[in-house]
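Reader: I should be grateful for a close look at one strand and its surroundings. Please take the neighbouring elements in turn.

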Amino acid sequence: MKRQAPNRPNQSSNRKSQRILKALTLSLCLLLCLLLTQGCRSAAKNQTVHLPARHSVSAEQLIVLSDFKLGQDHELFQDLIKLREDVAETLSIPLNSEQVTVYLFTNQEEYRNYLDMTYPGLPPRRAYFVGTPKELAVYTFWGERIQEDLRHEFTHGLLHASLKTVPLWLDEGLAEYFEVAGNTPGQVNRDHASRLSTALNNGWKPDMKRLEQLEKVSQMQRVDYQEAWAWVHFMLNSTPETRDTLLEYLAELRTNNHPEELSTRLPRDIPGVDQRFVNYVASLNTFPSR
Ligand SMILES: [Zn+2]
């Protein structure tokens with residue numbers, strides 16, 4: 001998913017190969033995808049499809065291409081610019097100049113037709129992040145949940161621009177964390193909190209090691225997205241120690257493809273972490289809205 005960055009020309013060919021290899025695995029986002037009920041629509045084979053290109057708006061490392069006008073001062077665009085700063089500040093990762101291109105289709109049909117022609121066989125989802133050696137790209141369309149979709153996918157883009165790699169579950173957990181709009185990062189995803197609370201009452205036990213073994217988006221179910229989001233929320237907000245453990249791990253991911261796993265670090269750094277996490281998850285459902 002990572003790719004050769006134009007502003008970092010001296011990276012090894014080995015790293016580039018890894019990026020190309022990873023690019024073969026599309027980073028898809030699931031979350032929202034589970035809510036799609038329209039089913040897969042096939043594009044007519046003789047239908048002309050194209051990427052949105054008539055209008056562009058850009059700032060920092062973000063460029064949004066669309067066939068309708070989206071002004072620089074549009075709140076969605078400005079929200080993404082602020083999100084970039086929030087992600088960098090919250091995760092202590094450097095602001096990067098590697099461009100993330102958002103292809104914002106006018107409607108779902110044009111979006112679906114393009115994806116069906118370009119990436120045949122993809123399941124119907126409202127948005128995709130695709131990192132290739134050529135670009136970090138987000139594909140989505142103007143719809144009711146455009147803000148959370150854009151925030152989720154742009155977060156993937158920012159992570160892949162700054163880190164050498166990022167485990168799938170953590171990639172999704174962080175995207176889920178930052179997709180929730182608000183004055184500050186860390187707003188509670190009410191749907192996740194409610195479902196996790198019910199799961200706890202039904203005897204669910206969290207298992208980060210299991211999450212770490214997931215390698216394909218197709219393996220990730222809704223419950224995995226929920227748990228990944230909760231681990232990220234817990235690590236960033238419960239105590240300074242849990243935050244430090246996550247930030248140290250992310251710092252290593254900037255240079256190391258295989259740092260020691262979080263599931264090994266956390267119990268060592270945070271005694272009784274599993275029970276603390278369960279208690280935290282139980283409390284999430286009572287967090288006030290900010
Ligand atoms: Zn995602």
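How many bridges join E2 to strand E3, and do the two run parallel or antiparallel?

Author: The model is predicted, and the description below applies to it on that basis. Strand E2, residues 62-66, is joined to E3, residues 100-105, by 5 bridges, and the two strands run parallel. Within this pairing, Val64 stands opposite Val102 of E3. Between the two strands the chain passes from E2 through helix H2, residues 75-91, and the resulting β-α-β crossover to E3 is left-handed.

E2 also pairs with E1, which spans residues 55-59; here 5 bridges are found and the strands run antiparallel. Val64 has a counterpart in this pairing too, since Val57 stands opposite Val64. E1 and E2 form a hairpin with 2 residues between the strands, and in this hairpin Glu60 adopts a positive phi near 50°.

As for its surroundings, E2 is mostly covered, with 5 of its 5 residues buried. The side chains divide by direction: Leu62, Val64 and Ser66 point one way, whereas Ile63 and Leu65 point the other way, and all are buried.

A separate site, for comparison, is that of the zinc ion. The protein donors of the zinc ion are His152 (NE2), His156 (NE2) and Glu172 (OE), at 2.1 to 2.2 Å from the ion. Their spacing in sequence is H-x3-H-x15-E. His152 and His156 are separated by about one helical turn because they lie 4 residues apart in helix H4, residues 146-162. His152 counts as buried because its relative accessibility is 0%, and His156 likewise counts as buried at 0%.

Terms used. Residues are numbered from 1 along each chain as its sequence is written. This is a predicted model: local features need pLDDT of at least 70, side-chain atom pairs count only at pLDDT 80 or more; totals for chains, interfaces and linings use all residues. Side-chain values use heavy atoms; hydrogens and water are left out. Buried means under 20% relative accessible area, exposed over 50%, partly exposed in between (1.4 Å probe, protein chains only). Two strands pair if DSSP finds at least two bridges between them. A crossover is right-handed if, with the strands pointing away from the viewer, the path from the first strand over the helix to the second runs clockwise. Donors are N, O and S atoms within 2.8 Å of the metal (3.2 Å for Na, K and Ca); water is not among the atoms, so sites may look incomplete.
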